[in-house]
Amino acid sequence: MTSVPPGDAIVRAREAILATIADAAARSDRPPDAVEIVAVSKTVEADRVRAAVAAGFRAFGENRVQERQAKAAALGDLHAEWHLVGPLQSNKARKAIELFDVIESVDSLELAERLDRLAPEARPGGQLRVLLQVNVDDDPAKSGFVPATLERQLEPLLGLPNVLVEGLMTVGRQAETPEHARPTFVALRDLRERLRGRDSRLGPALSMGMTEDYRVAVEEGATIVRVGRAIFGERPAGR
Ligand SMILES: *Cc1c(COP(=O)(O)O)cnc(C)c1O
């Protein structure tokens, strides 16, 4: 019996993803290192996260504060950057600030204001890095700012002193083919251009694209892709 070390599949997955990103980035006239991979490790055991760090992944995504907390305990001071990519309830805001380096899922002015109030104490020494999640397709099943609301609330959002708004994030529509997701990505990029034209305090980051469609997202300008299954394999149903 040959036993394959668990890390091997992750190393191969990383090489394949980097090649896909390099190719797609070239098609949008960008260098491959213009795109950061957030390895989405929800449901993935701590050991496999360690294997992913050994394989070269530097940033990880979780969609639940509690799961991140359990993993933090299991992983100790493993050197990595953690992104919250799932909805954040206000009663977990303080924990989220303590456990995550970037909160990608800021979806209301109220939440941003709360993070701004809590950040100095929960994470002293610097602004809290966030992205604003946008429900570009106005899909009732998704969270995020509706674009018109974001346009209205842009000034107060960017005026919060303890929060650094690095850019925008979206979860693409459930598409039959990656090509179907393209209009969502184009719309997020256009929105970023429009909003930055109005207020350059908004950062340029665009977090868009997952396993099924990150290639298309990078072609349309993604600076962050959030990839889970292509790295770690399928998850239990519903996660
Ligand atoms: C799970 C998740 C991902 C990763 O999805 P995959 O299809 O496994 O690549 C990306 N973004 C968010 C918000 C997620 O919840």
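Colleague: How far does a polar side-chain atom of Arg235 lie from an oxygen atom of the ligand?
Modeller: This is a predicted model. A polar contact needs a pair of N or O atoms within 3.5 Å. The Arg235 pair with a ligand oxygen meets that, at 2.7 Å.

Colleague: How much of the ligand does the protein bury?
Modeller: Taken alone, the ligand exposes 390 Å². Of that area, the protein buries 92%.

Colleague: Which residue has a polar side-chain atom 2.9 Å from a nitrogen atom of the ligand?
Modeller: Thr211 has a polar side-chain atom 2.5 Å from a ligand oxygen. The pair with a ligand nitrogen, at 2.9 Å, belongs to Arg226.

Colleague: How many charged residues are in the shell around the ligand?
Modeller: The residues around the ligand include Lys42, Arg226, Arg229 and Arg235. Lys and Arg count as charged. The shell also has five nonpolar and two polar residues. The charged count is four.

Colleague: Which pocket does the ligand take up?
Modeller: Val40, Val85 and Met210 are among the residues around the ligand. The space that the ligand takes is the largest pocket.

Colleague: Which residue lies over the face of Trp82?
Modeller: A charge sits over a ring if CZ of Arg is within 6 Å of the ring centre and within 35 degrees of the ring normal. Over Phe57 lies Arg14, at 5.5 Å from the ring centre. Over Trp82, at 4.0 Å from the ring centre, lies Arg68.

Note on methods. Residues are numbered from 1 along each chain as its sequence is written. This is a predicted model: local features need pLDDT of at least 70, side-chain atom pairs count only at pLDDT 80 or more; totals for chains, interfaces and linings use all residues. Side-chain values use heavy atoms; hydrogens and water are left out. A residue is near a molecule or strand if one of its heavy atoms lies within 4 Å of it. A polar contact is a pair of N or O atoms within 3.5 Å; within protein, one must be able to donate a hydrogen and the other to accept it, and residues adjacent in sequence count only if both atoms are side-chain atoms. Accessible areas come from the Shrake-Rupley method with a 1.4 Å probe; for residues, only the protein chains shown count as cover. On a 1 Å grid over the protein atoms alone, a cavity is a set of points where a 1.4 Å probe fits but cannot get out, and a pocket is an open set with protein on both sides within 12 Å along at least five of seven lines; lining residues have an atom within 4 Å of a point. A molecule sits in a cavity or pocket if more than half of its atoms lie within 2 Å of its grid points.
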